[in-house]
Every structure is written in C-alpha cells, then in structure tokens.
Amino acid sequence: MPKVKLTVVSSNCRCGYLKEGEEFIVEDLCPPICHELWNCIYPSVYALQNGATLDYGNKRATRFEIKCPDEGRVVIHGEVIE
C-alpha cells in the first residue's frame with residue numbers, strides 16, 4: 001500500500017495542534033491531527049493509498065490540498081511517496 005505524506009502548508013489553528021511545516025507519513029493509522037480535519041482529508045488519503053488519482057487543478061494527480069473546515073485555518077498538502 002502506498003504511503004501518503006501530509007505537509008502542513010499554513011496554520012492558524014485555534015487549538016494549536018498543527019504548526020506550519022510539520023509532516024506526517026500515513027500508512028495505516030491516522031496521524032495526530034484533529035478529527036474535523038482528518039474527516040476532510042481521509043477520503044483523499046484512502047483513495048491515493050488504493051491507487052486512485054485525484055482532480056488537481058486542470059489535471060489528475062496523486063496529490064491534493066485540503067483546507068480545514070474551521071474557516072480554512074489550516075491547509076494540508078498530501079502526496080503519494082514511494
């Protein structure tokens with residue numbers, strides 16, 4: 001199963017969980033991030049781990065960017081790594 005690297009692109013997290021530049025490798029367990037953000041990210045992570053490509057601008061790619069549901073306070077970039 002491919003690994004997915006999550007990188008915090010920007011963070012203004014009101015709970016202080018995530019800092020800009022933090023990275024997490026997702027294999028089979030969820031990383032230590034808040035449940036609300038993980039619920040947004042998980043469908044894309046699951047798809048990438050199972051060989052999918054996702055809409056990324058005008059093309060399909062094995063990466064994504066997702067904003068926190070709390071007014072976009074955190075932006076996460078995810079990508080498949082070998």
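Select Asp70 and Arg73. They form a salt bridge, with the closest N and O atoms 3.4 Å apart. This is a predicted model. Both partners are partly exposed: Asp70 has a relative accessible area of 25%, and Arg73 stands at 23%.

Keep Arg73 and add Glu71. Here is another salt bridge, its closest N and O atoms 3.9 Å apart. Glu71 is exposed, at 66% relative accessible area. Check its backbone too. Glu71 takes a positive phi near 60 degrees, in the hairpin of strand 5 and strand 6. That hairpin has six residues between the strands.

Now add Arg14 to the selection. Arg14, Asp70, Glu71 and Arg73 are linked in a network of salt bridges.

Next, show strand 5, residues 63-67, and strand 6, residues 74-81. The two run antiparallel, joined by five bridges. For one rung, pick Arg63: its bridge partner in strand 6 is Glu79.

Stay in strand 6 and select His77. Is it buried or exposed? His77 counts as buried, because its relative accessibility is 13% and the cut-off for buried is under 20%. Follow the side chain of His77 to the backbone oxygen of Phe64, which it reaches at 3.4 Å.

Now display what surrounds His77. Leaving aside residues up to four places away in sequence, His77 touches Arg63, Phe64 and Glu65, along with Tyr56. The list of contacts also takes in Lys5, Leu6, Thr7 and Val9.

Turn to strand 1, residues 3-11. Strand 1 runs antiparallel to strand 6, and eight bridges join them. Pick Val4 to see one position: Val80 of strand 6 stands opposite.

Move along strand 1 to Lys5, already met as a contact of His77. Which residue does Lys5 form a salt bridge with? The partner is Glu23, and the closest N and O atoms are 3.8 Å apart. Lys5 lies in strand 1 and Glu23 in strand 2 (residues 23-26), so this pair ties together parts that are 18 residues apart in sequence.

Last stop: zoom out to the whole structure. How many salt bridges does a search find there? The count is six. Among them are Lys5 with Glu23, Asp70 with Arg73, and Arg73 with Glu71.

Methods: Residues numbered from 1 in each chain as written. Predicted model: local features only at pLDDT ≥ 70, side-chain atom pairs only at ≥ 80, totals over all residues. Heavy atoms only, no water. Salt bridge = Lys/Arg side-chain N within 4 Å of Asp/Glu carboxyl O. Helix = DSSP H or I, 4+ residues; strand = E, 2+ residues; numbered from the N terminus. Buried < 20%, exposed > 50% of the residue type's maximum accessible area, 1.4 Å probe, protein only. Polar contact = N/O pair within 3.5 Å; in protein donor to acceptor, adjacent residues only side chain to side chain. Contact = heavy atoms within 4.5 Å. Pairing = 2+ DSSP bridges.
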